[in-house]
Amino acid sequence: MSVASRTPAQTEPGFESLQMCGVSRTYGRTRALVDLDLELTRGEFVALLGPSGCGKSTALACLAGLQPLTTGSIWRDEVRIDTVPVEKRGFGMVFQNYALFPHLTVQKNVEFGLSMRHVGRDERRRRAAAALDLVQLTDHAGKIPSQLSGGEQQRVAIARALAIDPEIVLMDEPLSNLDAALRIEMRTEIKRLYQERDLSVLYVTHDQEEALSLATRLVVLRKGRFVQSGTPEDVYANPVSAYVAGFMGYRNIFAGHVAARAEDGAVHVVADDLELVGRLVTGGGTDNAAQGTAVTIAIRPEDIRVAAPSAPNAIQVMVEVVEFHGRDLAVRARTNRGVAIHFKTDEPVVAGHRATLSVSSERVLAFAGVAGASRDDDS
Ligand code: ADP
């Protein structure tokens with residue numbers, strides 16, 4: 001069906017796809033979203049990823065109906081919903097600050113969305129009890145939020161979102177206020193609920209690890225614009241720019257240039273005293289770059305290993321700092337000219353000693369004609 005033939009209407013049960021089409025949102029002179037297309041298809045867990053201020057929360061608020069669009073439209077299948085009020089969109093919502101009513105019991109908090117929808121008392125109680133059971137908080141139903149831990153409060157917020165039996169759940173940094181251990185526990189809980197309840201989830205986060213571990217698809221934003229979308233595996237292995245690489249754990253990022261072409265479309269790149277063979281990634285997806293072309297080189301710590309001095313793509317370093325991380329060591333070393341190299345190893349490297357490192361040329365990404373070294377520069 002063409003866009004022109006779609007008409008505004010209220011939401012109905014059952015959906016295949018939720019779409020933002022060309023959505024822009026400006027606050028005064030700030031362009032929070034710029035011509036953004038975004039889709040959530042049934043059964044997906046999409047993580048919207050990007051640094052603070054890149055427009056993630058605004059995108060979620062526009063979808064939820066909490067913020068009006070400046071331009072563009074939102075569609076649930078063939079039905080235009082950007083003028084449908086929040087409570088009629090039928091989305092479950094979970095926010096960073098839990099947004100619980102402090103004076104209401106856990107039970108009443110979970111019943112709240114049902115009351116708003118005029119669900120009768122007995123049905124309300126039954127559904128709230130089922131939602132509390134789902135997040136394993138049945139024993140806490142009579143408490144008020146301040147009597148619960150942060151993790152328990154967030155579980156109440158999740159129970160409240162799920163009690164209305166939504167097909168689509170929108171989550172905005174739901175774990176950022178929790179400590180590290182709880183965050184990992186709640187991450188698993190969210191994934192379990194997603195799997196058990198056949199949900200479709202749009203999840204806003206600035207945390208790469210959270211996005212990679214939860215999502216079936218990542219969408220990376222930069223300054224309100226779409227940058228890259230793909231499965232976690234794909235975006236992790238093939239970031240389209242140094243900006244995305246920065247989010248995907250490519251901790252070693254250097255400004256350099258192309259010294260020469262190598263075999264099989266590879267390039268020799270130089271950054272200070274680093275001389276490596278790498279894989280060229282250009283803005284247009286081609287593999288052409290003249291000698292002297294400026295590149296941003298990105299390498300993941302996991303892709304660097306301790307090697308023999310004669311290894312290909314060798315990097316001579318002095319080991320500087322060694323951190324014990326359980327299964328492996330996280331190491332910072334420096335080249336002769338002081339370039340910092342981060343790598344992981346289970347070899348017994350020692351601070352103050354020299355070492356030879358090596359990295360596969362496939363795992364040295366050289367970005368040309370695309371964003372530069374920092375996560376949010378303007379190049
Ligand atoms: P993120 O969720 O990625 O941190 P936001 O969507 O919160 O980003 O913000 C995007 C941009 O819009 C930022 O520059 C922010 O300062 C601005 N912004 C967000 N909300 C408002 C608002 N209510 N009024 C004015 N500016 C806002």
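This tour proceeds through a predicted model, from the whole chain to single helices and then to charged pairs.

**The whole chain**

Begin with the entire protein chain in cartoon view. Nine helices and 20 strands make up its secondary structure. Measured out along the principal axes, a box of roughly 75 × 50 × 35 Å holds the C-alpha atoms. The chain has 379 residues, and 49% of them count as buried. With a surface display switched on, the accessible surface comes to about 17600 Å², and carbon and sulfur atoms contribute 50% of that area. Among contacts with a separation of 6 or more, 70% are between residues 24 or more positions apart.

**Helix H4**

Next, select residues 121-134, which form helix H4. How far apart are the end C-alpha atoms of helix H4? They lie 20 Å apart, which agrees with the 20 Å that its 14 residues should span at 1.5 Å a residue.

Show the side chains of Arg124, Ala128, Ala131, Leu132 and Leu134, the buried residues of H4. Because these residues cover an arc of only 150° around the axis, they fall on the same side of H4. Turn the view to the other side of H4, where Asp122 and Asp133 are exposed.

To see what the buried residues of H4 pack against, add helix H3 (106-116), helix H5 (150-163) and helix H6 (180-197) to the selection. Then move past the end of H4 to Gln136, a residue that follows the helix and has a positive phi, near 55°.

**Helix H3 and Gln107**

Keep H4 and H5 on display, since the buried residues of H3 pack against these two helices. The residues of H3 to select are Val106, Gln107, Asn109, Val110, Glu111, Gly113 and Leu114, which are buried. After H3 comes His118, with a positive phi near 60°.

Now centre the view on Gln107, a residue of helix H3. Is Gln107 buried or exposed? Its relative accessibility is 19%, so Gln107 counts as buried, the cut-off being under 20%. Leaving aside residues up to four places away in sequence, Gln107 touches Arg125, Ala128, Ala129, Leu132 and Ala141. Two of the names in that list, Ala128 and Leu132, also appear among the buried residues of H4. The side chain of Gln107 is joined to that of Glu111 by a polar contact of 2.9 Å. For a view across the model, draw a distance from Gln107 to Leu18: their C-alpha atoms are separated by 31 Å, and the two residues are 89 residues apart along the chain.

**Arg76 and its network**

Select strand E4 (residues 71-76) and find Arg76 within it. Arg76 has a relative accessible area of 8% and is therefore buried. Which side chain does the side chain of Arg76 meet in a polar contact? The partner is the side chain of Glu167, at 2.7 Å.

**Salt bridges**

The structure holds 17 salt bridges, and three of them are visited here in turn.

Start in helix H6 with Glu196 and Arg192. The closest N and O atoms of this salt bridge are 3.1 Å apart. Since Glu196 and Arg192 are four residues apart in helix H6, about one helical turn separates them. Arg192 is partly exposed, with a relative accessible area of 22%.

Proceed to Arg279 and Glu362, which form a salt bridge whose closest N and O atoms are 3.4 Å apart. This pair links distant parts of the chain, 83 residues apart: Arg279 is in strand E13 (residues 274-282), whereas Glu362 is in the loop between strand E19 (354-359) and strand E20 (365-368). Arg279 counts as partly exposed at 22% relative accessibility. Glu362 also counts as partly exposed, at 46%.

Then select Asp303 and Arg300, whose side chains meet in a salt bridge of 3.3 Å, N to O. Both of these residues are buried. To finish, display Arg42, Arg76 and Glu167 together: salt bridges with shared partners join them into one network.

Conventions: Residues numbered from 1 in each chain as written. Predicted model: local features only at pLDDT ≥ 70, side-chain atom pairs only at ≥ 80, totals over all residues. Heavy atoms only, no water. Expected span 1.5 Å × (residues − 1). Buried < 20%, exposed > 50% of the residue type's maximum accessible area, 1.4 Å probe, protein only. Arc of directions from axis to C-beta. Contact = heavy atoms within 4.5 Å. Polar contact = N/O pair within 3.5 Å; in protein donor to acceptor, adjacent residues only side chain to side chain. Areas by Shrake-Rupley, 256 points an atom, 1.4 Å probe, with all protein chains shown as cover. Salt bridge = Lys/Arg side-chain N within 4 Å of Asp/Glu carboxyl O.
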